[in-house]
Amino acid sequence: MGKGEHLAEFEIGVLATLARLGGDSYGGELRQELERYGRRLVTIGSIYATLRRLEAKGHVRFYIEGARPVQGGRSRKRAVLTASGRAALRRAASFFQRILAGIAPQRP
Amino acid sequence: MTAQPPRWARALLDRFAPPDDREFIVGDLDDEFHHRAGSIGRWRASWWYTWQVTLSLPALMRAPRTYAERQRRIPPPMFSGLRSDIGDAIRRARRAPLSAATVVLISALGIGASTAVYSVVHGVLLAPLPFPGSERVVRIENRQPLLANESSYLPSDNWVEFLSWRERAKSYEVFAGLWEGGTTRAFTLADETSSFPVAIVTERFDQLLGVRPLLGRSLQSEDFAVEGSRVIALTERFWLTRFGGDSSIVGRVITVADTMRVVIGVLSDANDYPGPVAAWIPLAPVPGTSVARGRTQMLALFGRLRPGTTPEQARSEMQSLIGETSQSELQKSRVARVIPLSEVLTGSVRPVLLLLSAVVGVTLLVAAGNIALLLLTQAESRTRELAIRLSLGSELPRLARKLVVESLMLAAAGGVLGIVIARWLTRMMIAFYPGRFVRAQDVNIGLPVVLLVAGITIVVGLAGAWPLLRRLRKADLVTGLREGAGGESPRAARVRGALVVGQLAFAVALVAGGGQLARTFVNLLRVNPGFDSRGVGYVNVSASPARYPDRNVLLGHLDRAEDVVRALPGVTSAASVSYLPLPSRVVGWGTQATRPDDVTSQEFAIQFRQMSPGYLSVMGIPLLRGRDLAATDDGSSEPVAIINETLAKAAFPSVDPMGHQIAVQTTAYRIVGIVGDMRYWGLGKPVVGEVFVTPVQSSALQFRSIVFKSSADLNAVIAAARPAIRAADPTLVISSAGTLADRVEAASAPERFRAMLVGSLALLAVVLAGLGLFAVSAHAVAKRVREIGIRMALGATQHRVRASVLRDTLMLGVSGTAIGLGLAWAGSQGLRAFVPDVAAFDVAMGGMVAALFLFVSLASAAVPASAASSVDPIVAIRRD
């Protein structure tokens, strides 16, 4: 497994959030969700940049959702978690679980 | 009116978001803005929006703008194109084989030499001995400082002392002894008697060395009691070669030194210490042996320290033990030393190896300088090619990778060849080392060394690519292109000049060092050993005391052997002595002498020798006063002795020794003669006091060195002596024989070895430095062809052109030599740390070295100078 295949912390965050949102979401929703769960500031720019990187690595693919004739129903670019992405996420999860075992998290 | 996000933030977003995603980013952010505006108010929503945009800008700006860009962002798999790079590198090497071969060869030589030396250093000095606890095994010495030689033993009651120390020394888990004197024994196997080395040990000595029983058992406590000591344990190698690995060997009875011994087991080989012995025999106070009388002069003491005990603690404990058990002032003056076993094994070799490491390192530097020069030159000539490639669209990283691959491949070829050279060199070094190369079996081109070589290779490869890589910057390429037109950049010329001056300096230092070592060796050859070795050979014989308990009978047998040798055809005279000078290892009986007629006198440390009449004349030892010993000096006449000059001066400073008495081991001898000093311990070692008596008038030793003088071929005489002695007396064992001249030569062998090794490396360095100078000179001429052409067209003569080239080269040569001489002078002080008796670096040697390098400089400049002078001006000017 080459060095380029390890996920950065933020990439893991995005993938995990995407998974939590059912594997199919869009930039704005991802940003809000990650900000809420991660409890730190997340910018829309970083979300899109990360999604693009994840797409290049094959962990995510995009599709354009057509406009719907409702409020907030504009056309959206949605990201879907691929099988490779799911696998990478699981790998990262077990990696961190192992190395962070016994480390108490910071108090909120 | 619905709230709108701040316009300027929106404008920023529009401007900097990547076009593909712009509408979606804006849409997402707007959605959330509106949502927030509804819940927390417009101002706070605007504030949030601004914050989001601002912080997103870096990520947005970094995003690739076009599809093409994005494609390129995806890092190409590492190995695509690598194969083509390798192929290109091979093709390029084939097109310029000489240059590639030179780089490979020089790297190989440098890498090979350093790998060889470092694997030897690793195997011998650094790697731990291959058995557990080895780092705690030490040798315990009690050295008598008056004895100006290597022997560290004192006679009388050492056995009792040993037992007492063994009981009281708390620093050791195991405390044992090894008998180091006369340790060959005659094995009678299949009706033939031959001598083999054995290890005579006290209890648990084998444990110290990690020796294990392969068959049967090892020596145990019952074997060290007098009754149970008629046993023997064979070593693996001896068992395989002499008994064919017979598995029923245990329990068999074999005859050793005319004693029947039961084989109790076969032990694994302890290769390094005490050396390749055939068997292990327990040391016990059997009646009739010197041990029973309390004498164990030759007992070397060893121990394994308890974990946590330092050698220093053990040493001070031993020093106080010595104080407690000493019974005379001389004994009290003994100094304790505790030396780790690894140091004992490698102590003699260590300075040579370290010296060699330093020398090889310097040679490597010289070689590296050469490679750097070559690569720099290459770099310049490839500037144009690189510029063209870049302008045609080659990507910088790929180009860089291509250059690195080329360089690494050359370095790798050099590395592989270097390992081959190293293997050969290592074998040569071990084979030619005078004496036994301790731990030779631990020396191999092992993993650590291979890794080191790989590391060096990579460093060399990358370093080689460096000049080219630096030029990849556009600015440098442009200057490079412009340079190619004519002349050369002063900076490059300076770097080149510095490299070559550095090479020369180091080469000079090496040659100077080699010269010093050579002179040391030559000086040693000139030392007068105190005897004349021309035409003198020797045969060592021994009889077993068990067979001849009556000492007169024993002496008779040995005398008879002497008569046999005297009667051989071609032998003009023969005599014998207990110990021949210049032994290859520590033997000899250090003891003390006193003056019985002077109660105030102290004890003197001496070497005690038994010789037969005529020994002095066979050996050409000058008799300065009095007479030689004679056949009439026997058991019924007064004990007499001959002393050497050193002892005469030391023991009788104010009187004439002749006629006085000297007492050795309870016998008082009257001094009847004084002889010249002999260098007993070594050509460079100090002289010790010696006392010579006849065997009859002292204790009977069961061995002798019979020396003979002959004008015939000495080896032929020796060949005739063996069967003659065996025929006359089959109970005698001939342990070794040779010529005295060989012994003298062997005494200077280490110095010769050193000088040769360093000399070869120095020679290599000179050749490399000369090549470097030649390369620089030739390159300079090539670059300045146009300028030379113009000068000649304007009237400069061939002679002047030649002279100018010579002068430029000489300048480099002189600066290099000057710096080198300074280095050499500084280095000669350092050399003294490795070789304490090295000859000095004086003006004469400096002059010779300078002359040598002057010649080398002129020689290197010769060809380029003549090439320069034969430049055709017209052709030169027309050339680009």
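**Close-up views of chains A and B**

**View 1. Polar and charged contacts link chain B to chain A in this predicted model.** Between chain B and chain A, 16 residue pairs are in polar contact, both residues being at pLDDT 80 or more (a pair of N or O atoms within 3.5 Å; within protein, one must be able to donate a hydrogen and the other to accept it, and residues adjacent in sequence count only if both atoms are side-chain atoms). The count of salt bridges between the two chains is 7 (a side-chain nitrogen of Lys or Arg within 4 Å of a carboxyl oxygen of Asp or Glu). In one of them, R36(B) pairs with E35(A), with the closest N and O atoms 3.8 Å apart.

**View 2. Helices of chain B face chain A.** Helix 2 (19–40) and helix 3 (42–62) of chain B each give two or more residues to the side that touches chain A; helices (H or I, at least four residues) and strands (E, at least two) are DSSP runs, numbered from the N terminus. Helix 2 of chain B provides the largest share, 10 residues.

**View 3. An open sheet lies in chain A.** Its 3 strands have the order 1-3-2, with antiparallel pairing (two strands pair if DSSP finds at least two bridges between them). Strand 1 (24–26) and strand 2 (60–65) of chain A are the edge strands. Strand 1 and strand 3 (residues 76–81) of chain A share 3 bridges, and S25(A) has A79(A) as its bridge partner.

**Notes.** Residues are numbered from 1 along each chain as its sequence is written, and chains are lettered from A and ligands numbered from 1 in the order in which they are written. In this predicted model, local features need pLDDT of at least 70, side-chain atom pairs count only at pLDDT 80 or more, and totals for chains, interfaces and linings use all residues, while side-chain values use heavy atoms, leaving out hydrogens and water.
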